[in-house]
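Please read the explanation below alongside the sequence and the coordinates, moving from a single side chain to the packed interior and then to the empty space.

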Amino acid sequence: MGGRNVPTVSSSSSSSSSSSSSFFSHFCSSALRTKPSNSPYDVFSNRINSGEGLIRRLGVIDLILIGVGASIGAGIFVITGTVARDTGPGELLSFLYALCYSWLVLCQPGVTISFILAGVSCILNALCYAELATRFPPVVGGAYLYAYTAFNELTAFLVFAQLTLDYHIGIASIARSLAGYTVSFLEIFPIFKDNISNWFGNGQEFFGGVVSVNLLAPVFVAILTFILCWGVGEFCAINSIMSSLKVIIVVFVIFVGAFEVDVSNWSPFTPNGFHAVLTGATVVFFAYVGFDAVANSAEESKSPRRDLPIGIIGSLLICIALYIGVCLVITGMVPYYLLGEDAPLAEAFTSKGLNFVSLMISIGAIAGLTTTLLVGLYVQSRMYLGLGRDGLLPSIFSKVHPKYHTPITSQLWVSFVAGLLAGLFNVHSLARILSVGTLTGYSVVAAGVVTLRWEDKTASPASSSTWREGVICIMVVACSGFGAGLFYRFGSLWVSMVAAVFALLASIALHLRHVYGDVLGFPCPGVPFVPALCIFFNMFLSAQLHQEAWVRFVVLSVITVIFYACYGQYHATPSLEGSEIYFPVPGLLVSTINVIVVWESYEGGSVCNTGELGNIFGLQYGGVFR
């Protein structure tokens, strides 16, 4: 009996070893899959079933207002006075109070320079987004889609996980802030003064603060969810009205405040030195986060190749101009050392006897928070839609309502999570673990611009050795940026400069050792130096985040890999035969292509299928005949 058991044990052990080897092999091959890149005709797969796609309703003005709506919240009315202590959490995914610098260090006229430096850095990131937004087919996905094509499936899934956690917590926190601002506004009127319970809008804590009930926050989420499920046209109308309102109020505040400016308050302009200005730039960078929301609107844009770059960069330029204007006004009206900590802009106008402006500021804050919440819910639902189509999440997330053409399931899921978090928990306390996902996404997008350019020069992708060499250089830039940030954080400025030199050398190596092809559409200038600078500064900022943010990054990454190993690798389908195909082909294409084409009208957003096509003439970007 013993002799017969030996082969059985050996066979079982061999089977187990073979099974483990097979699992690991399948995991590696799946994780390294990519979405189809540039084929001979730049064909990209679009996983939208006939008649179930999103409607193209967004024009260039709509896209600009989406970017403005996501970027400018209530924070613009307090950020210049409290920059890192208490920004008034209006900026989506960017709660500046998570970085605990002294507000006195930053509340100086030189904070204007901080906003300019941060704005320039964001413009560089926006240029990277603009290039990828025009070289990909007009479908949802944003940074996730770009990472899927430029790198691999697992990297894309990790980017999605990090970004979506930022969105979940950020949206919930914005909803609670909107509820709080609304209650504060209502209490201006005597009938509501001291008559509104904490549980209604400010949060009533139970069980030692573990639970914080807020009734109004999930109500706001539910109302905005109804609008988003109704249709993209309705969403666009509400966002345009609210975004225009807050921009008008900000411009009015700047105009009125300009007449109260005393230029002597600007001297000295940088009383705390340039080090404080640079520190301020690393903090206020997050005030501009939101322009990337435009990239997720690609599938609903009327003319994506033309309008997306304008929407991304245009919205950012508007935000930069508004922030700089508010900075100059507030520091010119009141000496920086007399600014209040909680509502510096309102207090500055009150000190000048302009109380009516304070009321307008309250209205602007509510409008700002409404748009950031609305756009946040909109963008995250499109992210889930993209992963549902690709199989990395259950297919229920890929469902689009046949009548309203909105991702109902994804939208309801996003809103359910936001409403639950906002209604039961004080998510403001989680602010310091945010932003690491946003910076990760920005860095991956910038790296994607570089790697995809390598593949443009020839019909086939860059060789493996060349590709690995380039990725190593990108990693050197990223590590140098993170190292420079850490040393700067702890006061070793000279060591930070050495790290910056390493990043520069790696960037030069990228330039000399690789050939970069031209791109069709909007080209990011200065490749690879501009994307490398983006990566360096993004990682520099990452090093300024709280250590809990990096604990969250590691833990979430591990959970994401486990979920991918158990579900994603078996269900993901990066390319789907027989699905509709978009052709981002500029100019005239003469070829025999036996595929199914989605013929879409820019004007009406109508969709109809044609059969086999041969000798296709005049095929333009997005599969649109002109």
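Leu117 has its place in helix α5, which covers residues 111-135, and in this predicted model its relative accessible area is 35%. Because that value lies between the 20% limit for buried and the 50% limit for exposed, Leu117 counts as partly exposed. Once its neighbours within four places in sequence are left aside, Leu117 is in contact with Phe274, Val277 and Ala281. One of these partners, Val277, is 160 residues from Leu117 along the chain, although the C-alpha atoms of the two are separated by 9.0 Å.

From this partly exposed position we can turn to the interior. In soluble globular proteins, nonpolar side chains tend to be buried together. Here the largest nonpolar core has 154 residues, and those with the most contacts inside it are Phe349 and Leu373. The largest share of this core comes from α7, which supplies 16 residues. As for Leu373, its contacts, again without neighbours within four places in sequence, are Ile171, Ile174, Ala175, Leu178, Phe220, Val221 and Leu224.

What remains is the space that the atoms leave free. Rolling a probe the size of a water molecule over the atoms shows where empty space is left. The largest pocket holds about 850 Å³ of space, and of the 31 residues that line it, Phe151, Thr155, Val444, Val471 and Met475 are the closest to its centre. Six helices each supply at least two residues of this lining, namely α6 (143-150), α7 (153-186), α16 (436-454), α17 (464-489), α19 (529-542) and α20 (547-571), and α17 gives the most, with nine residues. In chemical terms, the lining of the largest pocket divides into 20 nonpolar, nine polar and two charged residues.

Closed spaces are also found: a search of the whole structure gives five cavities of 30 Å³ or more. The second largest cavity has a volume of about 70 Å³, and its lining is formed by Tyr129, Gly141, Gly142, Ala143, Tyr144, Leu163, Tyr167, Asp292, Asn296 and Met383. The elements that give two or more residues to this lining are α6 and α7, and each of these helices also supplies at least two residues to the lining of the largest pocket. The residues around the second largest cavity divide into six nonpolar, three polar and one charged. Helix α7 therefore recurs along this route, as the source of the largest share of the core and as a contributor to the linings of both the largest pocket and the second largest cavity.

Note on methods:
Residues numbered from 1 in each chain as written. Predicted model: local features only at pLDDT ≥ 70, side-chain atom pairs only at ≥ 80, totals over all residues. Heavy atoms only, no water. 1 Å grid on protein atoms, 1.4 Å probe; cavity = no way out; pocket = protein on both sides within 12 Å on 5 of 7 lines; lining within 4 Å. Points joined across faces, edges and corners; volume = space filled by probe spheres on them. Helix = DSSP H or I, 4+ residues; strand = E, 2+ residues; numbered from the N terminus. Nonpolar A, V, L, I, M, F, W, Y, C, P; charged D, E, K, R; others polar. Core = buried A, V, L, I, M, F, W, Y, C linked by side-chain atoms within 4.5 Å. Buried < 20%, exposed > 50% of the residue type's maximum accessible area, 1.4 Å probe, protein only. Contact = heavy atoms within 4.5 Å.
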